[in-house]
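Here are some exercises to work through with the model open beside you. Try each task before reading its solution.

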Amino acid sequence: MMRLEASDHQHRYHNLLDDDHANEMLESEGAGLAARVAELEVRCSRQAEELLCLRSTLADALRRLNALEGRAPATSGAQRNGTYSGNPGTPTRELRIRQPSYRESVKRTSSYGSSASSLSQRRGPQHQSTGSLQSDSPASSSSLSPAPSPSPRATPAPHAPHTVQPYSTHTCQYNEEDGSIRMFLRGRPVVLYAPSDHDNLDPAKVAPPPQNKLKLEWVYGYRGKDCRSNLYLLPTGEIVYFVAAVVVLFNVEEQCQRHYTGHTDDVKCIAVHPNKLVIASGQCAGHDRLDARPHVRVWNSVSLATLAVIGAGHMERAVACVTFSRADGGALLACVDDGPDHTISVWEWQRDKHCLAETKCSVDTVVAAEFHPLDRNQIVTCGKSHIAFWTLDSSNVLYKRMGVFETRDKPKYVTCLGFNHNGDVISGDSNGNIIVWGRGTNTIQKLVRGVHEGAVFSLCSLKDGGVVTAGGKDGRLVLFDGDLNATGTENIIEGHYGGVRVVAEGRGRQLFVGTTRNCILHGDLQLGFVPAVLGHVDEVWGLAAHPTLPQFVSAGWDRLLQLWDGLSHSTVWSKDIEERAQCVAWSGDGCVIAVGCTTGKWLVFDPHSRDLLAAHHDGTEPIQTIQYSPNNLFVAIGSRDNFIYIYQVDDNGSRYSRLGKCLGHSSFITHLDWSEDSQYIRSNSGDYELLFWNATTCRQVPSPTSLRDVAWATTTCPITFHTVGVWPENADGTDINSCARSHDSRLAATGDDFGKVKLYAYPVTQPKSLCQAYGGHSSHVTCVRFLPDDTRLLSAGGNDAALLQWLVD
């Protein structure tokens, strides 16, 4: 209507242009039009206010009705994280069922009823919260509406840069009236109830760290599946190798380990100085931390003191290869970056860590780099479809000559390098051939065809001039003389250890062999080889300690179930269970081991005979957690399908009958605990819920306050009143993968997505609780467990496939 009136006035204005009174009429009618527009604006404003009032009244009525019926209020489209908001810019109205007097943390930046606009932009409309405290009804939970499920591994993708959150994890509110604390995970409130005898809590106070500390005692595992040149013998009798972010020095004869822990992420390569005392180790890039840029660390193998840090800021992805110069006593260090250009750089590592030369190495992958043992300024690199001979001239410029394969078949990969006693370069390739390159040339001097079926993965030049070659596919070790004539002496590694990744010369005729299935063997070509180090090959998620003995089991995606002895640091047995394992548990009497698998199967084994006692299948989703009741009469299985399955246990753990399943979680089950009397279960899920269950009836306990004084046999659930403080500031709800309480209830340990093992004083009820934090893992720490005497803590890495054993001092 307003548009029609304006058009009519415009038309009349054009018709009266020649009239003497045109201007006067235009001014008069314009004033009338302006008054009408103002009147319409006032009317629209009143209607908007009435609409907002009606919406708020309706919401209040629905809230009161739900409260009277004992239900949590439904989430409406206008409701975001505890507020009702109208149009942008309009005031927000806080929604509360109760209005308790909360004592809040001093770090809180906004009130509980602050505007939800920032939350809705950060979280998106699918993350809506009811904003209410938990009601004592079956439909409610201590956390609110579900967030999207993380990845199938229950670990988050790499984090985006943190933005300012209205509610951080440490923004906790304590209600003195009902003894509850409200914590926030990703801005979403979770209400937890304290025991009846708990003293009032001040969220602003900071709890001190525990007096106990952890010391890395033993590392189980080795990284041979995807790394080369990673095993050497030192004059001390120790072999040096790496796994995760730890470089291990292991004396096999004396069965003792030492560890260099200066790295912050995956170690990818190592090199030994000509003096056999200094070691260089290179790592990959970390997780957006300044101290985790790819670099090389040079350190003393006796004192474990760091001597130099090389290349931080120069490397892009990871250090693929590192080598010391040999002819000049190790004054230079060369390394190759794993970036797109595979840059090669040469450093004076002892003198101001100066970079002498740097240039692009190859557009293709580089797998090995070695200084020539006799020519000071000669470097050889090899990799995909190439071998290159480098010269560092007097003006510190690197010149490259590519190896010429002439009419011979060019291999897809040149896989390894070595040198004979004449100074000739020896290379092995993906065709199973060995090639000798004349010293100082880039041409082939000798070719030995078909030495191995598949690629030649390692060349080991012996002190007596002989050469041992090793195949990655056929597992054969073949001995040649100094002129690469076969001696007829060879041996084959058993297939279950994998192919040969690297060979290192030991004392006398002894050899150390690293395999592609993360094992280290030792022996000789005549008598054969036995394992010195065994490990997992794929992600490790299952870890459980024996209830009374210093033993533990581990299981992972490599289908291996392994029993370890924590005192002798040895493998008791290893079994292929033919299923990818996600979790593992001992029965309370130690008679059986249950393994949850990624297919929904769960298997029960006898730890003495290793026989399969029972096999069951619940759903098609992975079994995330499995726990036996303290009285050994029940077992609870938490699945990724959101259900908890309860079974009765008979015949000493060999027979199982299902009692039912617990329905109520809106996301996958992550952790669960049994009460000491085996009557109740508490569980956490992927959307940060804490729910309680009656184990015999498989029904949810609607009132969390009725179980506030229950004693729990374990504390594997990280979202409980007694573990509020384990959550770091601005934590994602999936940051903490595992939690464990010591048997004497003095300590709590966690494993997180950032490769850290943390130790707290238990209970961790202060939102701001200090801890002792330890590195060593290079991947998400999937599980932590105390041995039964609490003298040691175990931790399992995910992608790094490592198990670390810590002494509790």
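**Exercise 1. A residue inside a strand**

Task: Decide whether Leu-185 is buried or exposed, and find its place in the fold.

Solution: Keep in mind that you are looking at a predicted model.
- Step 1: Leu-185 has a relative accessible area of 0%. Buried means under 20%, so Leu-185 is buried.
- Step 2: Now place it in the secondary structure. Leu-185 belongs to strand S6, which covers residues 180–185.
- Step 3: Look across the fold. The C-alpha atoms of Leu-185 and Trp-727 lie 8.7 Å apart, although 542 residues separate the two in sequence.

**Exercise 2. The chain as a whole**

Task: Describe the protein chain through its secondary structure, burial, contacts and surface.

Solution:
- Step 1: Count the elements. The protein chain holds 61 strands and 3 helices.
- Step 2: Turn to burial. The chain has 809 residues, and 56% of them count as buried.
- Step 3: Take the contacts with a separation of 6 or more. Among these, 50% join residues 24 or more positions apart.
- Step 4: Finish with the surface. About 33,500 Å² of the protein chain is exposed, with 50% of that area coming from carbon and sulfur atoms.

**Exercise 3. Confidence along the chain**

Task: Work out over which residues the pLDDT is below 50.

Solution:
- Step 1: Start with the overall picture. The protein chain has a mean pLDDT of 83, and 78% of its residues reach 70 or more.
- Step 2: Residues 1–26 have a pLDDT below 50, and this stretch makes 11 contacts in the model beyond near neighbours in sequence.
- Step 3: Residues 68–165 also have a pLDDT below 50; here the model shows 218 contacts beyond near neighbours in sequence.

**Exercise 4. Two open sheets**

Task: Give the strand order of the open sheet that contains S18, then do likewise for the open sheet that contains S22.

Solution:
- Step 1: The first case is an open sheet of 4 strands, ordered S18-S19-S20-S21 and paired antiparallel. Its edge strands, S18 (319–324) and S21 (354–360), each pair on one side only. From one strand to the next, the twist averages 15°.
- Step 2: Zoom in on one pair. Strand S19 (residues 332–337) and strand S20 (residues 343–348) run antiparallel and are joined by 5 bridges. Opposite Val-336 you will find Ile-344 in S20.
- Step 3: The other case is an open sheet of 4 antiparallel strands in the order S22-S23-S24-S25. At its edges are S22 (366–371) and S25 (398–402), each pairing on one side only. Neighbouring strands here are turned by 20° against each other on average, direction ignored.
- Step 4: Zoom in again. S22 pairs with strand S23 (residues 378–383) over 5 bridges in the antiparallel sense. Ala-368 has Cys-382 in S23 as its bridge partner.

**Exercise 5. Nonpolar cores**

Task: Find which residues touch the most other members of the largest nonpolar core.

Solution:
- Step 1: The largest nonpolar core has 46 residues, and Ile-239, Tyr-241 and Leu-793 touch the most other members. Strand S9 (residues 214–220) gives the most to this core, with 5 residues.
- Step 2: Follow Leu-793 outward. Leaving aside residues up to four places away in sequence, Leu-793 touches residues including Leu-214, Ala-749, Val-757, Phe-786 and Trp-806.
- Step 3: Another core, of 26 residues, lies apart from the largest one; Ile-181, Tyr-688, Phe-692 and Tyr-762 are among its members.

Methods. Residues numbered from 1 in each chain as written. Predicted model: local features only at pLDDT ≥ 70, side-chain atom pairs only at ≥ 80, totals over all residues. Heavy atoms only, no water. Helix = DSSP H or I, 4+ residues; strand = E, 2+ residues; numbered from the N terminus. Buried < 20%, exposed > 50% of the residue type's maximum accessible area, 1.4 Å probe, protein only. Contact = heavy atoms within 4.5 Å. Areas by Shrake-Rupley, 256 points an atom, 1.4 Å probe, with all protein chains shown as cover. Pairing = 2+ DSSP bridges. Axes fitted to C-alpha atoms, helices over the stretch in contact; angles between N-to-C directions. pLDDT = per-residue confidence, 0-100. Core = buried A, V, L, I, M, F, W, Y, C linked by side-chain atoms within 4.5 Å.
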